[in-house]
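Trainee: I've just opened this one and could use a guided tour. Can we take it step by step?

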Amino acid sequence: MKAAIYTQYGTPEVLQVTDIAQPALKDDDDGIVLVKVHNASVNPYDNLFRKGYLPVRVTHGLMKPKTQLLGIDVAGTIVAVSKNVGDLKVGDAVFGNCLGSHAEYVRARVSSISKIPQGTTFAEAAALPTAVLTALQALRDLGGVKQGQRVLINGASGGVGHFAVQLAKYFGAEVTAVCSTSNQGWVKELGADHMIDYTKVDFTKNGEKYDVILDAVAKRTFFSCKGSLKANGLYITENPLKPVYHPIQILLGRFVGGGKQVKTHIAQPNSQDLTFVADLVQKGYLKPIIEKRFSLERIADAHRHVENGHTKGKVIVEI
């Protein structure tokens, strides 16, 4: 099968599309399906692993990657099933999280996938998993966002951010979206109540207070945002790329936060949340925005585009 692999850490040029052995189910597999991949997406996670960020090297190979396939979001059709896969069957269209989705076929755990919502394309479904679960779990589970609260989303035009705007509105919050001038219009259409152009206004200095600030691009810090939080307010940062700095923020925040809190997390894939998301998409409460689509042969260009840090919505790979 065709797959994009990397045998060394480095720039997007280390990626190469080649033929590798197709994965298959084993006799003792339990809760596993084989998926023919139609679409995947590129996430900052993929760039992190491809570049060989130091914490990645500790677990995935100091000098070269132990696992050569990237891709954590998938949308495709089930072509084989193991035992204990619930109501999933061959021919079902599914989406979710798995490792190695930048390939024609991939093994996926049923605990991390769900059926694609009716009326949704494979490309749209591939845009959802990691980014939408990150936003959902941050706002619902960490933030406890509810009716009437004021929520600010920094980086509202990105993969996580544009889902966060929609989810915060779904939970009944008054939403302020922070993004650049060129993104103001379409982000506003996602439901934001207020818009802030970060090229013109620093939201930490305008005197407004929020119950929850979600820094979806991790461009600010708890200490810079602390003055913009209400008493007992919460700052959530969505960057797992700073594993040392974030614990320091959290620790210091407990002593100098004055009741205000800081939290960080990495999305936890699970079929229950994906099913919840699928229902929101089908009912029209949630819409994935796709900025660009790249063929598998142009995977390096897809990585390069995501790495520039100004993606509008999601970047999709067409397998």
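Mentor: Sure. Before we count anything, helices here are DSSP runs of H or I with at least four residues, strands are runs of E with at least two, and both are numbered from the N terminus. Keep in mind that this is a predicted model.

Trainee: Okay, so how many helices and strands does the protein have?

Mentor: Going by those runs, the protein comes out with ten helices and 15 strands.

Trainee: And what is its radius of gyration, next to what the globule rule gives?

Mentor: The C-alpha atoms fill a box of roughly 60 × 45 × 35 Å along the principal axes. For 319 residues the globule rule gives 20 Å, and the protein is close to that, so it is as compact as a globular protein of that length. Its radius of gyration is 20 Å.

Trainee: What share of the residues is buried?

Mentor: A residue counts as buried when its relative accessible area is under 20%. Of the 319 residues in the protein, the buried share is 53%.

Trainee: Let's pick a residue. Is Leu139 buried or exposed?

Mentor: Leu139 sits in helix α4, residues 129–142. Setting aside neighbours within four places in sequence, Leu139 has contacts that include Val151, Ile153, Leu167 and Leu214. Its relative accessibility is 0%, and the cut-off is under 20%, so Leu139 counts as buried.

Trainee: How far apart in space are Leu139 and Val212?

Mentor: In sequence, 73 residues separate the two. From C-alpha to C-alpha, the distance between Leu139 and Val212 is 8.3 Å.

Trainee: Moving on to α10, which of its residues are buried?

Mentor: The cover over the buried residues of α10 includes β1, β2, α1, β14 and β15. Just after the helix, Gly309 takes a positive phi of about 80 degrees. The buried residues in α10 are Ile299, Ala300, Ala302, His303, His305 and Val306.

Trainee: There's a loop after that helix. Which residues does Thr311 touch there, leaving aside neighbours within four places in sequence?

Mentor: Thr311 belongs to the loop between α10 (299–307) and β15 (314–318). With 14% relative accessibility, Thr311 counts as buried. Its contacts are Ser157, Gly158, Glu291, His305 and Val306.

Trainee: I also noticed Ala218 and Asn232, which have positive phi without being glycine. Where do they lie, and is each one buried or exposed?

Mentor: Ala218 has a phi near 50 degrees and is in the loop between β11 and α7, while Asn232 has a phi near 65 degrees and lies in strand β12. The relative accessible area of Ala218 is 7%, which makes this residue buried. Asn232 reaches 60%, so Asn232 is exposed.

Trainee: Last stop, the second largest pocket. Which element gives the most to its lining?

Mentor: That pocket has a volume of about 390 Å³. Its lining has 23 residues, with Thr67, Leu69, Cys98, Leu99 and Gly100 nearest the centre. Two elements give two or more residues to that lining, α1 (44–51) and β6 (105–109). With five residues, the one that gives the most is β6.

Trainee: And how does that lining divide by residue type?

Mentor: Cys counts as nonpolar in this scheme, while Gly goes with the polar ones. On that basis, the lining of the second largest pocket divides into 15 nonpolar, six polar and two charged.

Conventions
Residues are numbered from 1 along each chain as its sequence is written. This is a predicted model: local features need pLDDT of at least 70, side-chain atom pairs count only at pLDDT 80 or more; totals for chains, interfaces and linings use all residues. Side-chain values use heavy atoms; hydrogens and water are left out. On a 1 Å grid over the protein atoms alone, a cavity is a set of points where a 1.4 Å probe fits but cannot get out, and a pocket is an open set with protein on both sides within 12 Å along at least five of seven lines; lining residues have an atom within 4 Å of a point. Grid points are joined across faces, edges and corners, and a volume is the space filled by probe spheres set on the points. The radius of gyration is taken over C-alpha atoms; the globule rule is 2.2 Å times the number of residues to the power 0.38. Buried means under 20% relative accessible area, exposed over 50%, partly exposed in between (1.4 Å probe, protein chains only). Contact means heavy atoms within 4.5 Å.
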